[in-house]
Amino acid sequence: MLPVAAAQGPLRGLAQAGPRVVVIGAGAFGGWTALELRRRGARVTLIDAWGPGNSRASSGGETRVIRATYGTRTIYTRMAIRAMELWRAHDARWQRGFFRPTGALWMFGADASFGRASAAALRAANMPIEELTTSEAARRFSQIAFDDSIKYVLWEPVAGYLLARRACEHVVERFVAEGGEYRQAAVPIPFDVPSKLRSVALEHGGSIEADVFVFACGPWLGKLFPDAIGTRVMPTRQEVYYFGTPRGDSRFNDPAMPVWVDYRDRVIYGISGNANRGFKVADDTPGPAFDPTSGTRDATAAGVAAARAFLALRFPALAGAPLLGSEVCQYEASPDSHFIIDRHPHAANVWIAGGGSGHGYKMGPALGELLASCVLGTAAPDPQFALARLAARPPRLTNPCGSAEPAFR
Ligand SMILES: Cc1cc2nc3c(=O)[nH]c(=O)nc-3n(C[C@H](O)[C@H](O)[C@H](O)COP(=O)(O)OP(=O)(O)OC[C@H]3O[C@@H](n4cnc5c(N)ncnc54)[C@H](O)[C@@H]3O)c2cc1C
């Protein structure tokens with residue numbers, strides 16, 4: 001296991017002279033950033049309008065997939081590998097089992113270019129990855145119907161899922177235990193940024209002064225910063241369904257059943273045990289534009305019917321499974337699905353962190369390291385995360401949801 005500052009215990013005798021930092025947003029991006037900044041000696045206040053992992057937040061789902069398969073986007077392969085190390089190190093210390101290492105099964109149709117590129121990238125990074133024939137896969141996973149539409153199968157053993165909203169809460173608890181300050185409070189939307197920001201005013205009164213500010217407000221970033229971000233972070237409506245498995249049947253729970261991704265004309269994926277909430281099924285196709293504050297979060301009949309039809313095809317034993325629950329969440333999609341980590345164009349002491357685009361949760365601990373280094377001036381973000389690349393590539397407004405590529409591309 002790599003050395004991890006986190007594993008060294010709460011910092012003692014921290015000098016009270018570190019920079020004052022306010023982090024706005026306690027989701028995957030902001031929570032881990034606040035924790036890492038605190039560990040590096042900053043005096044950090046973290047605020048969130050509704051609380052870490054709340055039901056409006058993109059990080060507020062029950063579970064999220066963690067995988068390092070990223071096709072040719074090797075910047076995320078590397079980041080995911082680092083994130084996995086950090087999740088494991090924190091789990092070893094916290095003993096909360098947030099990272100469930102089930103492995104991930106990838107089932108591709110005729111176009112397996114993403115799978116083949118991912119396999120090459122993982123091998124180059126010395127990560128295990130296996131190509132299975134469909135008959136091998138069918139022997140290993142008899143709960144799955146491998147029909148003729150599946151042409152290429154990958155088994156990614158070092159992958160799994162994360163207990164998403166619970167880990168967000170715990171990160172903030174640890175942040176406070178290690179000397180950070182957390183407040184439930186909101187900054188006004190839109191947020192005016194002068195050339196040097198000295199304090200953030202809070203919506204219900206008061207303000208917080210700081211030297212540096214990090215806005216990690218997920219799907220709200222566009223409304224907060226209509227000029228700097230605007231529609232370049234587009235919240236899209238995503239439905240997730242939880243189906244009931246037969247009584248006492250362990251075939252659809254981990255460890256028998258891994259995370260799975262059916263990657264054909266659409267990308268449908270799921271999380272087996274899903275913290276005992278039910279067999280999770282979701283379509284990765286970006287949905288219509290969505291308001292994360294006031295959008296209704298009921299599943300649509302059409303969405304449920306499509307999920308049932310998929311189950312009947314791929315998991316025949318679950319064809320008549322009852323729907324136990326659903327979630328409506330939102331991707332906070334950038335036009336190219338790359339993250340946004342950059343200074344605000346008007347103020348050098350204001351950082352914007354977001355654009356998770358349906359794949360940001362797993363990266364939390366690695367993003368925390370990166371953002372803490374950026375804020376403290378010891379590193380600069382990769383140009384692929386820069387706001388400037390979005391100016392060169394405006395949002396694709398021909399797409400009805402204004403968004404980008406699915407998260408698994
Ligand atoms: C259905 C679904 C499935 C996904 N699956 C995966 C997956 O399998 N793997 C993966 O890695 N990623 C996945 N993602 C993406 C991932 O969940 C997100 O990219 C990530 O959680 C974004 O985190 P964030 O911190 O940027 O945003 P958020 O979690 O939304 O956090 C932003 C926070 O800012 C707060 N806030 C907003 N405005 C204000 C304000 N004015 N004042 C104060 N606080 C404010 C909010 O309350 C919120 O808590 C999925 C997303 C969805 C919706």
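**Close-up views of a predicted model**

**View 1. Strand S2 and strand S9 run side by side.** Strand S2, which covers residues 43–48, pairs with S9 in the parallel sense, and 4 bridges join the two. Look for Thr-45 here: the residue standing opposite Thr-45 is Glu-181 in S9. As with every view in this set, the model shown is predicted.

**View 2. Stepping back, we meet an open sheet of 6 strands.** Reading across, the strand order is S9-S2-S1-S12-S19-S18, and the pairing is mixed. Which strands stand at the edges? They are strand S9 (181–184) and strand S18 (340–344); each has a single partner strand, so one side of each is left without a neighbour in the sheet. On average, and with direction ignored, neighbouring strands of this sheet are turned by 20° against each other.

**View 3. Helix H1 packs on the sheet.** Here H1 touches strand S1 (20–24), S2 and strand S19 (347–354). If you compare directions, that of H1 makes about 165° with that of S2.

**View 4. The structure holds 1 cavity of 30 Å³ or more.** About 40 Å³ of space lies in the largest cavity. Its lining is made up of Ala-26, Gly-27, Ala-28, Gly-31, Trp-32, Ala-167, Cys-168, Val-171 and Tyr-361. Two elements, helix H1 (28–39) and helix H5 (164–177), give two or more residues to this lining. How do the lining residues divide into nonpolar, polar and charged? There are 7 nonpolar and 2 polar residues, and no charged ones.

**View 5. Glu-369 sits in helix H8.** The helix spans residues 364–375. Is Glu-369 buried or exposed? Its relative accessibility is 19%, and because buried means under 20%, Glu-369 counts as buried. Not counting residues up to four places away in sequence, Glu-369 touches Glu-36, Arg-40, Arg-82 and Leu-86. For anyone following the charges, Glu-36, Arg-40 and Arg-82 are among these contacts.

**View 6. Thr-77 lies in helix H2.** This helix runs over residues 74–94. With a relative accessibility of 3%, Thr-77 counts as buried. Which residues is Thr-77 in contact with, once its neighbours within four places in sequence are left aside? They are Ala-68, Tyr-70, Ala-121 and Leu-122.

Note on methods. Residues numbered from 1 in each chain as written. Predicted model: local features only at pLDDT ≥ 70, side-chain atom pairs only at ≥ 80, totals over all residues. Heavy atoms only, no water. 1 Å grid on protein atoms, 1.4 Å probe; cavity = no way out; pocket = protein on both sides within 12 Å on 5 of 7 lines; lining within 4 Å. Points joined across faces, edges and corners; volume = space filled by probe spheres on them. Nonpolar A, V, L, I, M, F, W, Y, C, P; charged D, E, K, R; others polar. Buried < 20%, exposed > 50% of the residue type's maximum accessible area, 1.4 Å probe, protein only. Contact = heavy atoms within 4.5 Å. Pairing = 2+ DSSP bridges. Axes fitted to C-alpha atoms, helices over the stretch in contact; angles between N-to-C directions.
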